[in-house]
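Let's take a walk through a protein fold together. Have the picture open and follow along at your own pace.

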Amino acid sequence: MTAKLDFWVFGDHRNYYQDRLTLQVLAKTRQLADLHQGLVTVVLLGHQVDEIAREYISHGAHRVLLVDRPDMSTYLLETFTQVISGLVQEYQPDYFLLGASDFGLELAPRLAKRLNVGLCADCIEFEMDTTKDRLVAISPAFGGTSLARIVWNERRPMMATIRPGIFSEIPHNDQAKGEVVQINQDDGQITERVKILSSVRKIHLSQGLEAAEVVVAGGRGLKDSNGFQLARELAQLLGGEIGATKPAVDAHWTTHDHLIGQTGKTIRPRLLINCGISGAIQYTAAIKRAETIVALNRDRHAPIFQQADLGVVADAGQFLPLFLTEIKKLLFQKITDAYRASLNKEGVKTDVSFGQRVKKLRQDRKLTPDQLAAQTGQTPEFIAQVEDDAITPPVSFLLQLSHALEIDPSRFLSDQEKMEIGAKRQEGFAKRTQSYSYQTLTPGAADKHLRGFLVSIEPKEKHKMVEYRHPGEEFIYVMHGELEVTLGTRVHQLKVGESIHFDSETKHKLRNISDKRCELMVILYTP
Ligand SMILES: Cc1cc2nc3c(=O)[nH]c(=O)nc-3n(C[C@H](O)[C@H](O)[C@H](O)COP(=O)(O)OP(=O)(O)OC[C@H]3O[C@@H](n4cnc5c(N)ncnc54)[C@H](O)[C@@H]3O)c2cc1C
(Lines give C-alpha, C1' and ligand atoms only; values in the text may rest on other atoms or scores of the structure.)
Protein backbone atom coordinates (compact mmCIF):
# COMPACT_ATOMS: atom_id res chain seq x y z
CA MET A 1 0.00 0.00 0.00
CA THR A 2 1.39 3.43 -0.88
CA ALA A 3 2.44 5.70 2.00
CA LYS A 4 0.15 8.62 1.23
CA LEU A 5 -3.34 7.35 0.72
CA ASP A 6 -5.98 9.84 -0.23
CA PHE A 7 -9.27 9.22 1.65
CA TRP A 8 -12.38 11.08 0.53
CA VAL A 9 -15.58 11.65 2.44
CA PHE A 10 -18.81 12.99 1.00
CA GLY A 11 -19.97 16.09 2.93
CA ASP A 12 -23.68 15.38 3.40
CA HIS A 13 -24.60 18.59 5.17
CA ARG A 14 -28.40 18.69 5.11
CA ASN A 15 -29.67 19.52 8.58
CA TYR A 16 -26.04 19.71 9.70
CA TYR A 17 -26.79 20.40 13.32
CA GLN A 18 -29.08 17.40 13.64
CA ASP A 19 -27.53 14.96 11.23
CA ARG A 20 -24.07 14.09 12.48
CA LEU A 21 -23.52 11.20 10.09
CA THR A 22 -20.85 12.91 8.00
CA LEU A 23 -18.94 13.65 11.20
CA GLN A 24 -19.08 9.97 12.15
CA VAL A 25 -17.78 8.95 8.71
CA LEU A 26 -15.14 11.66 8.96
CA ALA A 27 -13.96 10.36 12.34
CA LYS A 28 -13.54 6.79 11.10
CA THR A 29 -11.85 7.95 7.92
CA ARG A 30 -9.43 10.12 9.89
CA GLN A 31 -8.57 7.11 12.07
CA LEU A 32 -7.84 5.00 8.96
CA ALA A 33 -5.86 7.83 7.38
CA ASP A 34 -3.77 8.35 10.52
CA LEU A 35 -2.77 4.68 10.40
CA HIS A 36 -1.41 5.19 6.89
CA GLN A 37 -0.16 8.77 7.10
CA GLY A 38 -2.98 9.45 4.69
CA LEU A 39 -4.95 12.59 3.96
CA VAL A 40 -8.65 13.13 4.53
CA THR A 41 -10.55 15.24 2.03
CA VAL A 42 -14.21 16.15 2.34
CA VAL A 43 -16.01 16.85 -0.93
CA LEU A 44 -18.51 19.58 -0.17
CA LEU A 45 -21.06 20.79 -2.70
CA GLY A 46 -23.43 23.59 -1.77
CA HIS A 47 -24.02 27.30 -1.70
CA GLN A 48 -22.65 29.60 1.00
CA VAL A 49 -21.41 26.68 3.05
CA ASP A 50 -18.03 28.09 4.17
CA GLU A 51 -19.07 27.60 7.78
CA ILE A 52 -19.76 23.92 7.16
CA ALA A 53 -16.33 23.59 5.47
CA ARG A 54 -14.68 24.98 8.61
CA GLU A 55 -16.73 22.63 10.75
CA TYR A 56 -15.41 19.63 8.79
CA ILE A 57 -11.85 20.80 9.43
CA SER A 58 -12.63 21.20 13.13
CA HIS A 59 -13.88 17.60 13.11
CA GLY A 60 -10.87 15.98 11.42
CA ALA A 61 -10.64 16.87 7.71
CA HIS A 62 -7.23 17.87 6.33
CA ARG A 63 -8.76 19.42 3.27
CA VAL A 64 -12.17 20.40 1.91
CA LEU A 65 -12.82 20.53 -1.81
CA LEU A 66 -15.58 23.09 -2.02
CA VAL A 67 -17.83 23.56 -5.02
CA ASP A 68 -19.95 26.60 -4.23
CA ARG A 69 -22.71 27.31 -6.70
CA PRO A 70 -26.25 28.67 -6.23
CA ASP A 71 -27.74 25.65 -8.02
CA MET A 72 -26.12 23.37 -5.41
CA SER A 73 -28.11 24.82 -2.52
CA THR A 74 -30.40 21.80 -2.74
CA TYR A 75 -29.36 18.25 -3.47
CA LEU A 76 -29.80 17.19 -7.04
CA LEU A 77 -28.79 13.65 -7.72
CA GLU A 78 -27.71 13.94 -11.33
CA THR A 79 -25.83 17.19 -10.77
CA PHE A 80 -24.01 15.84 -7.72
CA THR A 81 -23.17 12.59 -9.52
CA GLN A 82 -21.69 14.44 -12.48
CA VAL A 83 -19.72 16.98 -10.45
CA ILE A 84 -18.32 14.47 -7.96
CA SER A 85 -17.39 11.87 -10.56
CA GLY A 86 -15.58 14.62 -12.47
CA LEU A 87 -13.61 15.53 -9.34
CA VAL A 88 -12.78 11.87 -8.64
CA GLN A 89 -11.45 11.43 -12.18
CA GLU A 90 -9.34 14.54 -11.77
CA TYR A 91 -7.92 13.91 -8.27
CA GLN A 92 -7.96 10.07 -8.25
CA PRO A 93 -8.50 9.37 -4.53
CA ASP A 94 -7.83 5.88 -3.14
CA TYR A 95 -10.93 5.56 -0.95
CA PHE A 96 -14.29 7.29 -1.03
CA LEU A 97 -16.59 6.85 1.97
CA LEU A 98 -20.18 8.10 2.24
CA GLY A 99 -22.70 7.97 5.07
CA ALA A 100 -25.62 5.64 4.38
CA SER A 101 -28.12 8.52 4.62
CA ASP A 102 -31.08 8.57 2.23
CA PHE A 103 -29.09 10.73 -0.13
CA GLY A 104 -25.83 8.80 0.36
CA LEU A 105 -27.66 5.58 -0.50
CA GLU A 106 -28.85 7.11 -3.76
CA LEU A 107 -25.62 8.81 -4.67
CA ALA A 108 -23.04 6.12 -3.89
CA PRO A 109 -24.22 3.43 -6.34
CA ARG A 110 -24.62 5.99 -9.12
CA LEU A 111 -21.07 7.23 -8.59
CA ALA A 112 -19.74 3.66 -8.41
CA LYS A 113 -21.45 2.75 -11.68
CA ARG A 114 -20.28 5.87 -13.45
CA LEU A 115 -16.70 5.39 -12.22
CA ASN A 116 -16.87 1.63 -12.76
CA VAL A 117 -15.55 0.84 -9.27
CA GLY A 118 -16.63 -1.44 -6.42
CA LEU A 119 -18.91 -0.32 -3.60
CA CYS A 120 -19.23 -2.04 -0.19
CA ALA A 121 -22.62 -1.11 1.23
CA ASP A 122 -23.64 -0.54 4.84
CA CYS A 123 -20.22 -1.06 6.44
CA ILE A 124 -19.91 -1.18 10.19
CA GLU A 125 -16.12 -1.60 10.48
CA PHE A 126 -12.88 -1.61 8.51
CA GLU A 127 -9.84 -3.75 9.22
CA MET A 128 -6.35 -3.94 7.87
CA ASP A 129 -5.37 -7.23 6.24
CA THR A 130 -1.64 -6.97 6.95
CA THR A 131 -0.76 -10.12 4.98
CA LYS A 132 -1.93 -8.53 1.77
CA ASP A 133 -1.54 -4.92 2.86
CA ARG A 134 -5.11 -4.00 2.03
CA LEU A 135 -8.21 -2.71 3.74
CA VAL A 136 -11.15 -5.03 4.44
CA ALA A 137 -14.68 -3.69 4.84
CA ILE A 138 -17.05 -5.42 7.25
CA SER A 139 -20.77 -5.43 6.63
CA PRO A 140 -23.67 -7.47 8.11
CA ALA A 141 -24.96 -10.20 5.78
CA PHE A 142 -27.62 -12.93 5.67
CA GLY A 143 -30.13 -11.10 7.81
CA GLY A 144 -27.45 -9.89 10.20
CA THR A 145 -26.55 -13.41 11.29
CA SER A 146 -23.08 -13.16 9.69
CA LEU A 147 -20.55 -10.46 9.11
CA ALA A 148 -19.19 -10.34 5.57
CA ARG A 149 -15.56 -9.33 5.08
CA ILE A 150 -15.31 -7.64 1.71
CA VAL A 151 -12.33 -6.50 -0.32
CA TRP A 152 -12.25 -4.40 -3.47
CA ASN A 153 -10.53 -5.13 -6.77
CA GLU A 154 -7.66 -2.94 -7.90
CA ARG A 155 -9.81 -0.14 -9.33
CA ARG A 156 -9.78 3.19 -7.49
CA PRO A 157 -11.43 4.67 -5.54
CA MET A 158 -12.60 1.88 -3.29
CA MET A 159 -16.05 3.05 -2.26
CA ALA A 160 -18.13 2.26 0.81
CA THR A 161 -21.24 3.52 2.57
CA ILE A 162 -21.19 3.58 6.36
CA ARG A 163 -24.13 2.76 8.58
CA PRO A 164 -25.33 5.67 10.75
CA GLY A 165 -24.71 5.58 14.49
CA ILE A 166 -21.71 3.22 14.41
CA PHE A 167 -18.76 5.55 14.87
CA SER A 168 -18.30 8.44 17.28
CA GLU A 169 -17.46 11.83 15.85
CA ILE A 170 -14.17 13.56 16.72
CA PRO A 171 -14.90 16.38 19.19
CA HIS A 172 -14.88 19.87 17.69
CA ASN A 173 -11.39 21.41 17.74
CA ASP A 174 -11.18 25.14 16.99
CA GLN A 175 -7.43 24.95 16.61
CA ALA A 176 -7.51 22.24 13.90
CA LYS A 177 -5.74 23.31 10.71
CA GLY A 178 -6.90 22.46 7.23
CA GLU A 179 -7.17 23.77 3.73
CA VAL A 180 -10.35 24.79 1.88
CA VAL A 181 -9.86 24.46 -1.88
CA GLN A 182 -12.45 26.33 -3.92
CA ILE A 183 -13.28 24.51 -7.13
CA ASN A 184 -14.55 26.81 -9.83
CA GLN A 185 -16.70 24.86 -12.18
CA ASP A 186 -18.41 25.74 -15.33
CA ASP A 187 -21.95 24.32 -15.13
CA GLY A 188 -22.17 24.16 -18.93
CA GLN A 189 -21.69 20.38 -19.18
CA ILE A 190 -24.16 19.43 -16.45
CA THR A 191 -27.47 17.92 -17.43
CA GLU A 192 -30.14 17.71 -14.75
CA ARG A 193 -33.56 16.38 -15.57
CA VAL A 194 -35.07 17.23 -12.20
CA LYS A 195 -36.07 20.79 -11.50
CA ILE A 196 -36.70 21.77 -7.89
CA LEU A 197 -39.65 24.14 -7.80
CA SER A 198 -39.51 24.72 -4.07
CA SER A 199 -38.24 23.02 -0.97
CA VAL A 200 -39.14 23.33 2.68
CA ARG A 201 -36.71 22.46 5.42
CA LYS A 202 -38.22 20.01 7.85
CA ILE A 203 -38.09 21.40 11.36
CA HIS A 204 -36.41 18.92 13.70
CA LEU A 205 -37.63 19.23 17.23
CA SER A 206 -35.82 16.05 18.14
CA GLN A 207 -32.21 15.07 17.83
CA GLY A 208 -32.96 11.79 16.04
CA LEU A 209 -32.75 8.19 17.15
CA GLU A 210 -29.04 7.71 16.61
CA ALA A 211 -28.10 10.65 18.82
CA ALA A 212 -30.80 10.18 21.46
CA GLU A 213 -29.73 9.66 25.07
CA VAL A 214 -33.00 7.91 25.90
CA VAL A 215 -34.88 5.58 23.55
CA VAL A 216 -38.14 3.79 24.24
CA ALA A 217 -38.70 1.07 21.66
CA GLY A 218 -41.97 -0.70 20.99
CA GLY A 219 -42.58 -4.07 19.37
CA ARG A 220 -45.37 -6.40 18.34
CA GLY A 221 -46.18 -7.14 22.00
CA LEU A 222 -47.78 -3.68 22.28
CA LYS A 223 -50.62 -5.16 20.22
CA ASP A 224 -51.95 -2.08 18.39
CA SER A 225 -51.41 1.61 17.76
CA ASN A 226 -52.97 2.51 21.13
CA GLY A 227 -50.51 0.21 22.89
CA PHE A 228 -47.68 1.73 20.88
CA GLN A 229 -48.88 5.19 21.90
CA LEU A 230 -48.06 4.29 25.52
CA ALA A 231 -44.43 3.70 24.56
CA ARG A 232 -44.42 6.97 22.62
CA GLU A 233 -45.76 8.83 25.63
CA LEU A 234 -43.11 7.27 27.85
CA ALA A 235 -40.43 8.43 25.42
CA GLN A 236 -41.84 11.96 25.52
CA LEU A 237 -41.98 12.07 29.29
CA LEU A 238 -38.38 10.92 29.54
CA GLY A 239 -37.27 13.41 26.91
CA GLY A 240 -36.30 10.59 24.59
CA GLU A 241 -37.05 9.26 21.14
CA ILE A 242 -39.42 6.52 20.08
CA GLY A 243 -37.97 3.50 18.31
CA ALA A 244 -39.64 0.42 16.86
CA THR A 245 -39.11 -3.11 15.64
CA LYS A 246 -40.00 -4.19 12.15
CA PRO A 247 -43.49 -5.55 12.98
CA ALA A 248 -44.39 -2.22 14.63
CA VAL A 249 -43.24 -0.30 11.55
CA ASP A 250 -44.93 -2.77 9.19
CA ALA A 251 -48.18 -2.26 11.11
CA HIS A 252 -47.77 1.54 10.56
CA TRP A 253 -47.73 2.33 14.27
CA THR A 254 -44.80 4.56 13.41
CA THR A 255 -42.72 5.49 10.39
CA HIS A 256 -39.71 3.71 8.95
CA ASP A 257 -37.27 6.32 10.27
CA HIS A 258 -37.95 4.95 13.77
CA LEU A 259 -36.95 1.41 12.84
CA ILE A 260 -34.10 0.02 14.92
CA GLY A 261 -32.14 -2.92 13.59
CA GLN A 262 -30.28 -4.33 10.70
CA THR A 263 -32.52 -2.66 8.15
CA GLY A 264 -33.01 0.40 10.33
CA LYS A 265 -30.91 2.47 12.66
CA THR A 266 -28.15 1.57 15.06
CA ILE A 267 -28.52 3.33 18.38
CA ARG A 268 -26.36 3.97 21.43
CA PRO A 269 -28.49 5.71 24.04
CA ARG A 270 -27.64 5.91 27.72
CA LEU A 271 -31.01 4.29 28.45
CA LEU A 272 -33.01 1.96 26.20
CA ILE A 273 -36.42 0.65 27.30
CA ASN A 274 -37.74 -2.22 25.16
CA CYS A 275 -41.50 -2.79 25.38
CA GLY A 276 -43.04 -5.98 23.97
CA ILE A 277 -39.94 -6.88 21.96
CA SER A 278 -38.67 -10.46 21.71
CA GLY A 279 -35.01 -9.68 20.97
CA ALA A 280 -34.41 -11.12 17.48
CA ILE A 281 -30.82 -10.88 16.26
CA GLN A 282 -31.78 -8.46 13.49
CA TYR A 283 -32.96 -6.08 16.21
CA THR A 284 -30.39 -6.67 18.96
CA ALA A 285 -27.46 -6.20 16.56
CA ALA A 286 -28.34 -2.51 16.54
CA ILE A 287 -28.67 -1.97 20.31
CA LYS A 288 -25.37 -3.42 21.50
CA ARG A 289 -23.92 0.00 22.30
CA ALA A 290 -26.78 1.07 24.57
CA GLU A 291 -25.43 1.71 28.07
CA THR A 292 -28.39 0.49 30.14
CA ILE A 293 -31.02 -1.78 28.64
CA VAL A 294 -34.41 -2.36 30.23
CA ALA A 295 -36.80 -4.97 28.87
CA LEU A 296 -40.53 -5.27 29.47
CA ASN A 297 -42.00 -8.55 28.25
CA ARG A 298 -44.67 -10.87 29.56
CA ASP A 299 -42.62 -13.96 28.63
CA ARG A 300 -39.82 -14.45 31.15
CA HIS A 301 -37.93 -16.59 28.61
CA ALA A 302 -37.90 -13.93 25.88
CA PRO A 303 -34.35 -13.59 24.47
CA ILE A 304 -34.38 -9.81 25.07
CA PHE A 305 -33.82 -10.51 28.77
CA GLN A 306 -30.38 -11.87 27.90
CA GLN A 307 -29.42 -8.39 26.71
CA ALA A 308 -31.13 -6.51 29.52
CA ASP A 309 -29.60 -4.98 32.63
CA LEU A 310 -33.06 -4.75 34.13
CA GLY A 311 -36.06 -6.88 33.27
CA VAL A 312 -39.76 -6.45 33.99
CA VAL A 313 -41.94 -9.51 33.44
CA ALA A 314 -45.39 -7.99 32.99
CA ASP A 315 -48.15 -7.33 30.53
CA ALA A 316 -47.25 -4.07 28.76
CA GLY A 317 -50.92 -3.04 28.51
CA GLN A 318 -51.23 -3.17 32.30
CA PHE A 319 -47.75 -2.06 33.32
CA LEU A 320 -47.22 0.97 31.06
CA PRO A 321 -50.26 3.05 32.13
CA LEU A 322 -49.29 2.63 35.80
CA PHE A 323 -45.67 3.42 35.05
CA LEU A 324 -46.67 6.54 33.09
CA THR A 325 -48.82 7.79 35.96
CA GLU A 326 -45.91 7.39 38.38
CA ILE A 327 -43.54 9.23 36.08
CA LYS A 328 -46.00 12.06 35.56
CA LYS A 329 -46.41 12.41 39.29
CA LEU A 330 -42.67 12.59 39.74
CA LEU A 331 -42.36 15.17 36.99
CA PHE A 332 -45.13 17.33 38.32
CA GLN A 333 -43.77 17.08 41.84
CA LYS A 334 -40.47 18.47 40.57
CA ILE A 335 -42.27 21.28 38.79
CA THR A 336 -44.28 22.30 41.84
CA ASP A 337 -41.13 22.14 44.02
CA ALA A 338 -39.34 24.43 41.58
CA TYR A 339 -42.38 26.74 41.46
CA ARG A 340 -42.46 27.10 45.23
CA ALA A 341 -38.72 27.65 45.29
CA SER A 342 -39.19 30.45 42.76
CA LEU A 343 -41.71 32.04 45.12
CA ASN A 344 -39.35 31.39 48.02
CA LYS A 345 -42.15 29.50 49.70
CA GLU A 346 -41.56 26.58 52.02
CA GLY A 347 -37.83 27.03 51.56
CA VAL A 348 -37.60 24.11 49.08
CA LYS A 349 -34.21 24.19 47.35
CA THR A 350 -34.09 22.94 43.78
CA ASP A 351 -31.04 22.61 41.54
CA VAL A 352 -33.08 23.48 38.42
CA SER A 353 -35.20 26.63 38.24
CA PHE A 354 -38.93 26.66 37.46
CA GLY A 355 -38.33 28.24 34.06
CA GLN A 356 -35.72 25.61 33.16
CA ARG A 357 -38.12 22.86 34.20
CA VAL A 358 -40.91 24.30 32.06
CA LYS A 359 -38.53 24.60 29.12
CA LYS A 360 -37.33 21.01 29.51
CA LEU A 361 -40.89 19.78 29.82
CA ARG A 362 -41.79 21.60 26.62
CA GLN A 363 -38.73 20.35 24.75
CA ASP A 364 -39.19 16.78 26.00
CA ARG A 365 -42.71 16.84 24.66
CA LYS A 366 -41.32 18.20 21.38
CA LEU A 367 -43.49 21.30 21.58
CA THR A 368 -42.60 24.69 20.15
CA PRO A 369 -43.15 27.71 22.44
CA ASP A 370 -46.20 28.52 20.29
CA GLN A 371 -47.67 25.07 20.85
CA LEU A 372 -47.20 25.22 24.62
CA ALA A 373 -48.72 28.70 24.57
CA ALA A 374 -51.77 27.34 22.76
CA GLN A 375 -52.06 24.38 25.15
CA THR A 376 -51.89 26.57 28.23
CA GLY A 377 -53.97 29.44 26.88
CA GLN A 378 -51.02 31.85 27.09
CA THR A 379 -49.06 33.89 24.58
CA PRO A 380 -45.66 32.71 23.25
CA GLU A 381 -44.12 35.85 24.86
CA PHE A 382 -45.49 34.79 28.23
CA ILE A 383 -44.01 31.29 27.82
CA ALA A 384 -40.64 32.81 26.85
CA GLN A 385 -40.65 34.97 29.98
CA VAL A 386 -41.52 32.00 32.19
CA GLU A 387 -38.77 29.89 30.63
CA ASP A 388 -36.23 32.69 31.11
CA ASP A 389 -37.31 32.98 34.76
CA ALA A 390 -38.09 36.61 33.99
CA ILE A 391 -41.50 36.23 35.64
CA THR A 392 -43.06 33.86 38.12
CA PRO A 393 -46.50 33.12 36.70
CA PRO A 394 -49.67 32.91 38.80
CA VAL A 395 -50.35 29.54 40.37
CA SER A 396 -53.10 28.91 37.82
CA PHE A 397 -50.31 28.38 35.27
CA LEU A 398 -49.42 25.18 37.18
CA LEU A 399 -52.95 24.04 36.52
CA GLN A 400 -52.65 24.78 32.83
CA LEU A 401 -49.37 22.90 32.74
CA SER A 402 -50.90 19.92 34.46
CA HIS A 403 -53.64 20.05 31.87
CA ALA A 404 -51.03 19.94 29.10
CA LEU A 405 -49.42 16.99 30.92
CA GLU A 406 -52.78 15.29 31.42
CA ILE A 407 -52.22 14.85 35.13
CA ASP A 408 -54.50 15.48 38.08
CA PRO A 409 -52.67 18.18 40.01
CA SER A 410 -54.78 18.03 43.16
CA ARG A 411 -52.30 16.06 45.28
CA PHE A 412 -49.43 18.43 44.54
CA LEU A 413 -51.10 21.71 45.27
CA SER A 414 -51.28 23.16 48.78
CA ASP A 415 -54.62 24.37 50.15
CA GLN A 416 -53.47 27.95 49.68
CA GLU A 417 -52.65 27.30 46.01
CA LYS A 418 -56.01 25.60 45.47
CA MET A 419 -57.74 28.66 46.96
CA GLU A 420 -55.78 30.95 44.66
CA ILE A 421 -56.79 28.83 41.66
CA GLY A 422 -60.41 28.80 42.83
CA ALA A 423 -60.30 32.59 43.02
CA LYS A 424 -58.94 32.71 39.45
CA ARG A 425 -61.82 30.52 38.27
CA GLN A 426 -64.34 32.84 39.86
CA GLU A 427 -62.55 35.87 38.48
CA GLY A 428 -62.59 34.34 34.99
CA PHE A 429 -66.26 33.58 35.25
CA ALA A 430 -67.10 37.03 36.54
CA LYS A 431 -65.26 38.51 33.54
CA ARG A 432 -67.13 36.29 31.20
CA THR A 433 -70.52 37.00 32.63
CA GLN A 434 -70.39 40.73 33.07
CA SER A 435 -72.40 41.14 29.88
CA TYR A 436 -74.95 38.54 30.87
CA SER A 437 -77.25 37.87 33.73
CA TYR A 438 -76.79 34.44 35.18
CA GLN A 439 -77.96 32.25 37.95
CA THR A 440 -75.87 29.44 39.33
CA LEU A 441 -77.33 25.93 39.31
CA THR A 442 -74.51 24.63 41.50
CA PRO A 443 -74.31 26.91 44.55
CA GLY A 444 -71.08 26.59 46.57
CA ALA A 445 -69.23 25.02 43.65
CA ALA A 446 -67.41 28.14 42.52
CA ASP A 447 -63.98 26.50 42.90
CA LYS A 448 -65.08 23.04 41.71
CA HIS A 449 -64.43 21.36 38.37
CA LEU A 450 -68.06 21.14 37.28
CA ARG A 451 -70.46 24.08 37.45
CA GLY A 452 -73.84 24.80 35.90
CA PHE A 453 -75.58 28.11 35.14
CA LEU A 454 -78.77 29.50 33.71
CA VAL A 455 -77.59 32.33 31.48
CA SER A 456 -79.73 35.06 29.90
CA ILE A 457 -78.43 37.19 27.07
CA GLU A 458 -80.18 40.32 25.95
CA PRO A 459 -81.15 40.78 22.25
CA LYS A 460 -78.28 41.55 19.86
CA GLU A 461 -78.51 45.33 19.81
CA LYS A 462 -78.04 45.50 23.57
CA HIS A 463 -75.37 42.85 23.94
CA LYS A 464 -71.64 43.52 23.77
CA MET A 465 -69.80 40.33 22.81
CA VAL A 466 -66.76 39.22 24.76
CA GLU A 467 -64.35 36.64 23.38
CA TYR A 468 -62.73 34.27 25.87
CA ARG A 469 -61.03 30.94 26.27
CA HIS A 470 -60.28 28.87 29.32
CA PRO A 471 -59.03 25.36 30.01
CA GLY A 472 -61.73 22.71 29.99
CA GLU A 473 -64.95 21.97 28.20
CA GLU A 474 -68.29 23.68 27.83
CA PHE A 475 -71.80 22.46 27.07
CA ILE A 476 -74.57 24.87 26.05
CA TYR A 477 -78.28 24.06 25.67
CA VAL A 478 -80.63 26.72 24.26
CA MET A 479 -83.87 27.00 26.24
CA HIS A 480 -85.32 30.20 24.71
CA GLY A 481 -84.42 32.43 21.76
CA GLU A 482 -81.66 31.92 19.21
CA LEU A 483 -77.94 31.83 19.85
CA GLU A 484 -74.84 32.34 17.74
CA VAL A 485 -71.69 30.58 19.01
CA THR A 486 -68.41 31.49 17.31
CA LEU A 487 -65.73 28.86 17.90
CA GLY A 488 -62.42 30.04 16.47
CA THR A 489 -63.40 30.84 12.89
CA ARG A 490 -66.54 28.66 12.77
CA VAL A 491 -69.94 30.11 13.44
CA HIS A 492 -72.81 27.94 14.75
CA GLN A 493 -76.42 29.02 15.06
CA LEU A 494 -78.57 27.23 17.61
CA LYS A 495 -82.35 27.28 18.02
CA VAL A 496 -84.46 26.24 21.00
CA GLY A 497 -83.71 22.65 22.03
CA GLU A 498 -80.34 22.56 20.28
CA SER A 499 -77.02 22.16 22.06
CA ILE A 500 -73.30 22.34 21.50
CA HIS A 501 -70.33 20.85 23.34
CA PHE A 502 -66.82 22.18 22.72
CA ASP A 503 -63.26 22.49 23.95
CA SER A 504 -63.29 25.80 25.78
CA GLU A 505 -59.58 26.32 25.00
CA THR A 506 -60.87 27.39 21.59
CA LYS A 507 -61.57 31.13 21.52
CA HIS A 508 -65.33 31.48 21.68
CA LYS A 509 -68.02 34.12 21.94
CA LEU A 510 -71.78 34.03 22.31
CA ARG A 511 -74.42 36.32 20.81
CA ASN A 512 -78.18 36.49 20.99
CA ILE A 513 -79.38 36.70 17.39
CA SER A 514 -83.10 36.85 18.11
CA ASP A 515 -85.19 39.84 19.12
CA LYS A 516 -86.17 38.18 22.38
CA ARG A 517 -84.16 37.37 25.43
CA CYS A 518 -82.10 34.22 24.93
CA GLU A 519 -81.86 31.72 27.79
CA LEU A 520 -79.31 28.98 28.00
CA MET A 521 -78.16 26.25 30.29
CA VAL A 522 -74.35 26.31 30.44
CA ILE A 523 -72.26 23.55 32.00
CA LEU A 524 -68.57 24.35 32.50
CA TYR A 525 -65.93 21.76 33.18
CA THR A 526 -62.64 23.26 34.34
CA PRO A 527 -59.71 20.90 35.03
C1 LIG B 1 -33.41 -9.74 6.53
C2 LIG B 1 -34.17 -9.36 7.76
C3 LIG B 1 -33.96 -8.10 8.26
C4 LIG B 1 -34.66 -7.70 9.42
N5 LIG B 1 -34.42 -6.46 9.93
C6 LIG B 1 -35.04 -6.10 11.08
C7 LIG B 1 -34.77 -4.84 11.67
O8 LIG B 1 -34.01 -4.01 11.16
N9 LIG B 1 -35.40 -4.53 12.82
C10 LIG B 1 -36.26 -5.39 13.44
O11 LIG B 1 -36.80 -5.06 14.50
N12 LIG B 1 -36.53 -6.58 12.89
C13 LIG B 1 -35.94 -6.95 11.73
N14 LIG B 1 -36.24 -8.17 11.19
C15 LIG B 1 -37.32 -8.98 11.83
C16 LIG B 1 -36.82 -9.74 13.04
O17 LIG B 1 -36.30 -10.99 12.62
C18 LIG B 1 -37.95 -9.98 14.06
O19 LIG B 1 -39.00 -10.62 13.39
C20 LIG B 1 -38.47 -8.72 14.72
O21 LIG B 1 -37.40 -7.99 15.27
C22 LIG B 1 -39.44 -9.10 15.83
O23 LIG B 1 -40.06 -7.95 16.33
P24 LIG B 1 -40.82 -7.96 17.74
O25 LIG B 1 -39.84 -8.29 18.81
O26 LIG B 1 -41.56 -6.67 17.82
O27 LIG B 1 -41.93 -9.09 17.57
P28 LIG B 1 -41.99 -10.55 18.13
O29 LIG B 1 -40.76 -11.31 17.80
O30 LIG B 1 -43.28 -11.11 17.68
O31 LIG B 1 -42.02 -10.36 19.71
C32 LIG B 1 -43.07 -9.81 20.43
C33 LIG B 1 -42.71 -9.94 21.92
O34 LIG B 1 -43.72 -9.31 22.68
C35 LIG B 1 -44.01 -10.10 23.82
N36 LIG B 1 -45.38 -9.77 24.21
C37 LIG B 1 -46.54 -10.17 23.62
N38 LIG B 1 -47.60 -9.65 24.26
C39 LIG B 1 -47.10 -8.90 25.26
C40 LIG B 1 -47.70 -8.09 26.28
N41 LIG B 1 -49.02 -7.96 26.38
N42 LIG B 1 -46.89 -7.47 27.17
C43 LIG B 1 -45.54 -7.60 27.10
N44 LIG B 1 -44.93 -8.35 26.16
C45 LIG B 1 -45.70 -8.98 25.25
C46 LIG B 1 -43.84 -11.51 23.38
O47 LIG B 1 -43.55 -12.33 24.51
C48 LIG B 1 -42.66 -11.40 22.40
O49 LIG B 1 -41.44 -11.62 23.08
C50 LIG B 1 -35.56 -8.59 10.05
C51 LIG B 1 -35.73 -9.86 9.51
C52 LIG B 1 -35.06 -10.24 8.40
C53 LIG B 1 -35.27 -11.64 7.86
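Below is a short tour of the sheets, some helices and the ligand surroundings. Keep in mind that this is a predicted model.

## The seven-strand sheet

Start with the open sheet built from 7 strands. Reading across it, the order is 5-9-4-1-2-3-10, and the pairing is parallel. Strand 5 (119-123) and strand 10 sit at the edges, each pairing on one side only. On average, neighbouring strands of this sheet are turned by 20 degrees against each other, ignoring direction. As a reminder, strands of a sheet pair through backbone hydrogen bonds, either parallel or antiparallel.

Now look at one pair: strand 4 (residues 95-99) and strand 9 (residues 158-162) run parallel and are joined by 5 bridges. To find your place there, look for leucine 97, which stands opposite alanine 160 in strand 9.

## Strand 1, covered on both faces

Is strand 1 mostly covered or mostly open? It's mostly covered, with 5 of its 5 residues buried. Asp6, Trp8 and Phe10 are buried on one side, and Phe7 and Val9 are buried on the other.

Which strands does strand 1 pair with? One is strand 2, which pairs with strand 1 in the parallel sense over 5 bridges. Here tryptophan 8 stands opposite threonine 41 in strand 2. Another is strand 4, where the pairing with strand 1 is also parallel and runs over 3 bridges. In that case phenylalanine 7 has tyrosine 95 of strand 4 as its bridge partner.

## Helices packed on the sheet

Helix 2 (residues 50-58) has Ala53, Glu55, Tyr56 and Ile57 buried. What covers them? The cover includes helix 1 (21-35), strand 2 (39-46), strand 3 (63-68) and strand 10 (179-182). An α-helix has 3.6 residues a turn, so residues three or four places apart point the same way. Just after helix 2 comes glycine 60, whose phi is positive, near 120 degrees.

Helix 2 packs on the sheet and touches strand 2, strand 3 and strand 10. The direction of helix 2 makes about 160 degrees with that of strand 2. Next, try helix 4 (residues 102-115), which lies across strand 1 (6-10), strand 4, strand 5 and strand 9. Helix 4 runs at about 170 degrees to strand 9.

## The three-strand sheet

There's another open sheet to find, with 3 strands in the order 6-7-8 and antiparallel pairing. The edge strands, pairing on one side only, are strand 6 (125-129) and strand 8 (146-150). From one strand to the next, the twist averages 35 degrees.

Zoom in on strand 7 (residues 134-141), which is joined to strand 8 by 5 bridges and runs antiparallel to it. One pair to spot is proline 140 with its bridge partner, leucine 147 in strand 8.

## Around the ligand

How many residues surround the ligand? There are 26, and the closest are Gly219, Gly221, Thr245, Gly261 and Ser278. The elements giving two or more residues to this shell are helix 6 (246-250), helix 7 (281-284) and helix 9 (316-343). Helix 6 provides the largest share, 3 residues.

Sorted by class, the shell around the ligand has 8 nonpolar, 13 polar and 5 charged residues.

Key. Residues numbered from 1 in each chain as written. Predicted model: local features only at pLDDT ≥ 70, side-chain atom pairs only at ≥ 80, totals over all residues. Buried ≥ 20, exposed ≤ 12 C-beta atoms within 10 Å, placed from the backbone. Helix = DSSP H or I, 4+ residues; strand = E, 2+ residues; numbered from the N terminus. Contact = placed C-beta atoms within 7 Å. Pairing = 2+ DSSP bridges. Axes fitted to C-alpha atoms, helices over the stretch in contact; angles between N-to-C directions. Near = placed C-beta within 6 Å. Nonpolar A, V, L, I, M, F, W, Y, C, P; charged D, E, K, R; others polar.
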